[in-house]
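Please open the model in your viewer and keep the selection panel at hand. The stops below say what to select next and what is there.

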Amino acid sequence: MASHKIHPTALVDSRAEIGDGCEVGPYCVIGPDVRLGPGCRLHSHVVIDGLTTIGVRNEFFPFACIGLKTQDLKYAGGKCYLEIGTDNVFREHVTVHAATGDGLYTRVGSHNNFLAYSHIAHDCIVGSHVIFSNNGTLAGHVTVEDHAIVGGLAAVHQFCRIGTMSIIGGCAKVVQDVPPYMMVDGNPAATRGINKVGMERNGVPEESQRALREAFKIVFRSGLTVSNALDKVLTEVSRSKEIEHFVDFCRKSERGIAR
C-alpha cells in the first residue's frame, strides 16, 4: 500500500499516480493523467491537471496551478504535455501550462525556485538551478538555460532564449535573446555588463570572467556588427568553454541579442 498522506478534503482522481511519501494538503485537486513522483508536497489549494509528469521532492505552495490548458488561442486540442524534474519549489499562485501542439511538451528541469505569481507558458523549456523572482513571466516557446535568474516583474517575449548564468533585472521587457553570463535590464532590455556575481557563485574561473568582460566590450561597446564583433572575440580573446558558449549562443540567435 502506498505510503502517502492525502487530506480528506483533497480531490484526487483515482487514476492519478501518487508516489510514496507524497503529502497532498487540504482542498488540492489532482487530475486523472497526473503522475506525481515520490516525496512531493502540495500544501493546500494546489491544482495539478493535464498530461503532467512530476519528479521527486517537488514542493507546491497554495494556489499553484500546474499543467492546465495553454492560454494560446491557436490551441486545437490533442495530447499536450508537461514534464517537471526534481527538487523544484513552486510558490504561491505560480502557473505552469502544458504545450500547445499535439504531442508537444513544456519542460521544467530540476532544482529551480519559482517565486510567487511567476508564469511558465506553453512550450517553454526551463533548465535547472533557475530562479524566477516574483511575477517573472515567460511567454510561449521561451528557452531558459541553467543557472539563469529572471527578476521580479520581468516579462520575456515569445521565442526568446535566456542564456546560462545570465540575470534579467526587475521590471525588464525582454524582446531579444539574453546572452549567457550577462546582465540585462531596461525597456526594452539591453545588456549592461557581465554577471560577475552569478559566475562567482557558480565557480566560473577568474580567467574566464576576464575573457567574458573583454567579449562584452567588443560585442556591446565597440560599435561593430554582431557578426564582426564575434569574429573579433574569437581572434582576440582567450578561449574557454564559456567564451565558446557565448559566441555559439549569439551566432545562433534568431531574434537577435539584447544589445
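Begin by selecting strand 9 (residues 51-54) together with strand 12, which run parallel and are joined by four bridges; helices (H or I, at least four residues) and strands (E, at least two) are DSSP runs numbered from the N terminus, and two strands pair if DSSP finds at least two bridges between them. Within this pair, Thr52 has Leu82 in strand 12 as its bridge partner.

Before going further, note that this is a predicted model, in which local features need pLDDT of at least 70 and side-chain atom pairs count only at pLDDT 80 or more, while totals for chains, interfaces and linings use all residues. Residues are numbered from 1 along each chain as its sequence is written, and side-chain values use heavy atoms, with hydrogens and water left out.

Now add strand 15 (residues 105-108), which pairs with strand 12 in the parallel sense over four bridges; here the bridge partner of Tyr81 is Tyr105 in strand 15.

Show the side chains of strand 12 (residues 81-84) next. In a regular strand the side chains alternate between the two faces of the sheet. Along strand 12, Leu82 and Ile84 point to one face and are buried, whereas Tyr81 and Glu83 point to the other and are not, buried meaning under 20% relative accessible area, with a 1.4 Å probe and protein chains only.

For another sheet selection, take strands 2, 5, 8, 11, 14, 17, 20, 23 and 26, nine strands that form an open sheet in that order with parallel pairing. Its edge strands, each pairing on one side only, are strand 2 (11-12) and strand 26 (173-174). Inside this sheet, strand 20 (residues 137-138) pairs with strand 23 (residues 155-156) in the parallel sense over two bridges, and the bridge partner of Leu138 in strand 23 is Val156.

Finally, select helix 2 (residues 206-221) and helix 4 (residues 241-251), which pack at an angle of about 25 degrees with their axes 9 Å apart, the axes being lines fitted to C-alpha atoms over the stretch in contact and the angles running from 0 to 180 degrees between N-to-C directions. Helix 2 is therefore roughly parallel to helix 4, a term for angles under 35 degrees.

In the interface, residues of helix 2 including Ser208, Leu212 and Phe220 meet Glu242, Ile243 and Phe246 in helix 4. Center the view on Ser208, which lies in helix 2 and is buried, with a relative accessible area of 5%. Leaving aside its neighbours within four places in sequence, Ser208 is in contact (heavy atoms within 4.5 Å) with Ser240 and Glu242.

Notes: Angles under 35 degrees count as roughly parallel, over 145 as roughly antiparallel, 65 to 115 as roughly perpendicular and the rest as oblique. Buried means under 20% relative accessible area, exposed over 50%, partly exposed in between (1.4 Å probe, protein chains only).
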